[in-house]
Amino acid sequence: GYSQNKEISYETSDTNTLSQFKKEGFVRNNWYAGASYQSRKGFFTRRFYSVTYTYVRVNDSILDPKYNPYYFNSKNPSQGIIDLAYSFSYSNIDHINYPLSGKSYAFTILKRGLGLKGGTNMLYFDGVYNKYMSHFNNRLNSSIQLFAKLKLPFDQPYFNQRALGYGELYLRGLEYYVIDGVASAVAKYTVKKKLLSFKVRVPLNISVLPNIPFTFFAKTYADVGYSYIKKQFDTKLNNRLLYTGGFGIDILTVYGIIINLEYSFNQLGKNGIFLHGKGGF
């Protein structure tokens with residue numbers, strides 16, 4: 001793969017937003033090559049093995065004291081990075097996109113770089129555990145989700161510091177913030193109840209899709225999290241207990257497509273409506 005960027009994030013501000021670097025032309029050039037192998041000896045378990053080489057070069061100015069000299073923990077604006085990774089996952093749940101019963105867990109071990117410290121060298125661990133439960137003859141459902149990340153040594157460059165607020169790992173109610181860290185954890189608890197389910201007939205005569213199903217769940221939830229980072233990179237949301245909560249509606253429709261409409265609040269005294277979507281494939 002190969003990519004170029006005209007704008008990249010070079011720093012996380014004190015208020016946990018991303019600072020952008022932009023200049024004439026491309027400010028980052030990146031290419032990578034990798035190979036992976038997947039083993040599935042049982043119905044519920046999978047193992048993944050991968051090796052990847054990445055070459056990345058950023059604009060020299062990003063490493064200036066004016067911007068972020070800790071971006072790579074190196075004065076060299078170009079880096080060749082080798083990643084060796086192993087992952088294990090177990091999944092025994094009733095629905096891959098919207099589980100209501102069962103459990104799943106997974107962990108990953110990744111070694112970045114061939115050295116032990118300095119530059120972009122890192123030993124990375126992460127783990128996730130999910131438990132989904134039914135109560136009162138399936139009239140009520142609940143779930144507990146636990147996530148954790150650890151990066152060693154703690155003296156990591158900005159390039160390796162992403163933690164909460166990136167991708168799918170965030171606290172509901174803090175979607176607009178990014179929280180970097182070298183040791184992070186999140187716990188989520190959700191209670192939900194099915195409200196109604198119905199089908200809408202497709203007006204066109206399509207044999208493979210005669211109806212579009214809709215199922216609605218009402219829910220309430222609470223999240224807690226923590227992300228540790230060294231004092232020199234400390235921000236408003238680092239090194240403190242984070243907590244959020246809220247309520248919402250989940251809508252399930254054709255091909256496992258899920259729409260989450262949530263009203264969340266956080267310890268900053270801010271609240272709002274958040275819309276999330278997930279495809280079925």
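These legends describe close-up views of two pockets in a predicted model. Local features need pLDDT of at least 70 and side-chain atom pairs pLDDT 80 or more, whereas totals for chains, interfaces and linings use all residues. Residues are numbered from 1 along each chain as its sequence is written, and side-chain values use heavy atoms, with hydrogens and water left out.

**View 1. The largest pocket and the residues at its centre.** The largest pocket (an open set of points on a 1 Å grid over the protein atoms alone where a 1.4 Å probe fits, with protein on both sides within 12 Å along at least five of seven lines) has a volume of about 1500 Å³, a volume being the space filled by probe spheres set on points joined across faces, edges and corners. Its lining comprises 48 residues (those with an atom within 4 Å of a point), and I96, N130, Y132, Q145 and K278 lie nearest the centre.

**View 2. Strands around the largest pocket.** Strands (DSSP runs of E, at least two residues, numbered from the N terminus) that each supply at least two lining residues include β5 (45-58), β8 (122-135) and β14 (271-278), while β6 gives the most, with 7 residues. By class, the lining has 19 nonpolar, 17 polar and 12 charged residues, with Asp, Glu, Lys and Arg counted as charged and Gly among the polar.

**View 3. The second largest pocket.** This pocket holds about 690 Å³ of space, and of its 23 lining residues R112, F159, N160, Q161 and R162 are the closest to its centre. Here β4 gives the most to the lining, with 3 residues, and the lining divides into 10 nonpolar, 6 polar and 7 charged residues.

Note on methods:
Helix = DSSP H or I, 4+ residues; strand = E, 2+ residues; numbered from the N terminus.
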